[in-house]
Amino acid sequence: MRLDTIAKIEEFITNALLSSSLIPLGVNVIRLAATQDEEGIARMARSIVVRYTGSSASIEKKVPLVITRTMTFELSHASQSYLSESGHDYAVQMCSAAHQVLTNQVPVNTGAQIVTPLHLTSESFDGLTDSSHYVYTQVWQLEVQELSGLLALDPCVARGNC
């Protein structure tokens, strides 16, 4: 996998959310690898944080080596309200909008062959923070296929018999 593939997929997700009319105005959509509180994101009234959280790989074919990698991305939806449950409702609205925008999307120009488009695998309520943010987390996955190594034209060369 190319080194910039992860960043390009994160940027694709971020841009898709920013350009959608389903995401309410005033929502800050950002890419962030660290935790929200340490980066000062808690000051934003409404935010969606996009981050890559890891991957798993499986071998599909040994010669040539073909690996299918399942990549996992996390979206943290946070909405703040001091007066009523409107912060909670806003966070749920952001979750629903993200689901409508991202489901079945195939990131382009990532340097990877995507075999399964973006799909939501889980969604959970993380609670109410000290700064009165209602936080939901969505876990999204997609699968990419990687072809490793060069193909030897001669079977003897492939076995190392030169």
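Hi everyone, this is a short walk through the sheet and the nonpolar core of one predicted model.

Let's begin with the sheet. Five strands make an open sheet, and reading across you meet them in the order E1-E2-E3-E5-E4, with mixed pairing. At the edges sit strand E1, residues 28–31, and E4, each of which pairs on one side only. From one strand to the next, the twist averages 25°.

Now look at the E1 side. E1 and E2 run parallel, and 4 bridges join them. If you'd like one pair to click on, take Ile30, whose bridge partner in E2 is Val49.

Next, the helix on the sheet. H3 packs there and touches E2, E3, E4 and E5. The direction of H3 makes about 20° with that of E5.

That brings us to the core. As a general point, nonpolar side chains in soluble globular proteins tend to be buried together. Here, the largest nonpolar core has 24 residues, and those with the most contacts inside it are Ile13, Leu17, Ile48, Leu75 and Leu102. Which elements give two or more residues to this core? They are helix H1 (5–19), strand E2 (46–61), strand E3 (65–80), helix H3 (86–102), strand E4 (113–128) and strand E5 (133–148). H3 gives the most, with 6 residues.

Let me finish on Leu17, one of the core residues with the most contacts. What does Leu17 touch, once we leave aside its neighbours within four places in sequence? Leu17 is in contact with Ile23, Val29, Ile48, Val50, Leu75, Ala98, Val101 and Leu102. In that list you'll spot Ile48, Leu75 and Leu102, which are also among the core residues with the most contacts. Thanks, everyone!

Note on methods:
Residues are numbered from 1 along each chain as its sequence is written. This is a predicted model: local features need pLDDT of at least 70, side-chain atom pairs count only at pLDDT 80 or more; totals for chains, interfaces and linings use all residues. Side-chain values use heavy atoms; hydrogens and water are left out. A nonpolar core is a set of buried Ala, Val, Leu, Ile, Met, Phe, Trp, Tyr and Cys residues joined through side-chain atoms within 4.5 Å. Buried means under 20% relative accessible area, exposed over 50%, partly exposed in between (1.4 Å probe, protein chains only). Contact means heavy atoms within 4.5 Å. Two strands pair if DSSP finds at least two bridges between them. Axes are lines fitted to C-alpha atoms, for helices over the stretch in contact, and angles run from 0 to 180 degrees between N-to-C directions.
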